[in-house]
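These are my notebook entries on one structure, kept in the order in which I looked things up.

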Amino acid sequence: MTSAGVPAQADGTPATMGQRNRDKEITLLLEEYRTLREEIIHRVAGRMQMIGFAGIISALLVVSDRLNFDAPGFYVAVLVLIVALLWLRGINRAIQRIGHHLRQLEARINDLAAAGYGSTSPVLSWETSAQNNRMRVRGVPGYVGRLGGWYDRAGLPPAP
């Protein structure tokens, strides 16, 4: 703070109104970024629980009938796995949509930091570098990843 009660910048000079607004905008964007990262964590945890439950249910149904193709338990197990895979794909696509928004937030925050603080390197880069790494996957793993909704080759949010 300066003697006039105006917040000071790092170099001791009074902050301008534009600087204070930029700081507020960065703070709000960082809060949204943090909240969306937490949302991804919750969705991943839910995804793992669903995979575990579907696997246990299917295994119990198959084992109970000793893999008899005439028994309905086998077909219920297959149906449970298909529904679980479709659900998993939906969760993965939702995570990709959140990731797309996070990459946009990263770019906005990095632009504001460059304009306000003269930052030459990105302040945030996690989601962008993670997507770039996913985009490098080729061959069968890449095909399975795209089919499963783990990433979208175009880098755009998957359709709802």
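Entry 1, elements. Before reading off the order of elements I fixed the term: helices are DSSP runs of H or I with at least four residues, strands are runs of E with at least two, and both are numbered from the N terminus. The model is a predicted one, and in it I find four helices and zero strands, so that, by the DSSP rule just noted, the elements run α-α-α-α from the N terminus on.

Entry 2, confidence. I looked up pLDDT before any side chain and found an average of 79 for the protein, with 81% of the residues scoring at least 70. Over residues 1–7 the pLDDT stays under 50, and the model has 13 contacts beyond four places in sequence for that stretch. Residues 156–160 also stay under 50, with eleven contacts beyond four places in sequence. I leave the details of both stretches aside, because predicted coordinates should not be read in detail where pLDDT is low.

Entry 3, whole-protein totals. Of the 160 residues in the protein, 29% are buried, and the exposed area comes to about 10400 Å², of which carbon and sulfur atoms supply 67%. Among contacts with a separation of 6 or more, I note that 59% are between residues 24 or more positions apart.

Entry 4, helix α3. Which residues of helix α3 are buried? For this helix, which covers residues 126–135, I list E127, A130 and Q131. Seen down the axis of α3, these buried residues fall within an arc of 100°, and therefore they line one face of the helix. As a general point, an α-helix has 3.6 residues a turn, so residues three or four places apart point the same way. When I looked for what covers the buried residues of α3, I found that the cover includes α1 (17–64) and α2 (72–117).

Entry 5, E127 and R37. Staying with E127, I found that its side chain meets that of R37 in a salt bridge, at 2.7 Å from N to O. The pair links distant parts of the chain, since E127 lies in helix α3 and R37 in helix α1, 90 residues apart. Is E127 buried or exposed? E127 has a relative accessible area of 5% and is therefore buried, whereas R37, with 22%, is partly exposed; the cut-off for buried is under 20%.

Entry 6, L102. This residue lies in helix α2 and is buried, with a relative accessible area of 0%. Not counting residues up to four places away in sequence, L102 touches Y33, L36, R37, I40 and E127, and I note that both partners of the salt bridge between E127 and R37 are in that list. I also looked up L102 against L124: the two are 22 residues apart in sequence, and their C-alpha atoms are 9.9 Å apart in space.

Entry 7, N110. What does N110, also placed in helix α2, touch beyond residues up to four places away in sequence? The residues are P122, V123 and L124. N110 has a relative accessible area of 15%, so N110 counts as buried.

Entry 8, the other salt bridges I followed. The count comes to five salt bridges; in general, side chains of opposite charge can pair when their charged atoms come close. One of them joins R108 and E25, whose closest N and O atoms are 2.5 Å apart. Because R108 lies in helix α2 and E25 in helix α1, this pair ties together parts that are 83 residues apart in sequence. Both ends are partly exposed, R108 at 37% relative accessibility and E25 at 29%.

A further pair is E31 with R34, whose side chains meet at 2.3 Å from N to O. Both lie in helix α1, three residues apart, which is about one turn of the helix. E31 is partly exposed at 39% relative accessibility, and R34 is partly exposed at 39% as well. With R37 set down above as partly exposed at 22%, I add that salt bridges sharing partners join E31, R34 and E38 into one network.

Entry 9, surface patch. I closed with the surface, where V140, Y143, V144 and L147 form a nonpolar patch with about 420 Å² of accessible area together. V144 belongs to helix α4, residues 139–147, and counts as partly exposed at 42% relative accessibility.

Conventions: Residues are numbered from 1 along each chain as its sequence is written. This is a predicted model: local features need pLDDT of at least 70, side-chain atom pairs count only at pLDDT 80 or more; totals for chains, interfaces and linings use all residues. Side-chain values use heavy atoms; hydrogens and water are left out. Buried means under 20% relative accessible area, exposed over 50%, partly exposed in between (1.4 Å probe, protein chains only). Contact means heavy atoms within 4.5 Å. Accessible areas come from the Shrake-Rupley method with a 1.4 Å probe; for residues, only the protein chains shown count as cover. Patches are made of residues with over 30% relative accessible area and no salt bridge: like charges are joined within 9 Å, nonpolar side chains (Val, Leu, Ile, Met, Phe, Trp, Tyr) within 5 Å. A salt bridge is a side-chain nitrogen of Lys or Arg within 4 Å of a carboxyl oxygen of Asp or Glu. The arc is that of the directions from the helix axis to the C-beta atoms. pLDDT is the predictor's confidence in each residue, from 0 to 100.
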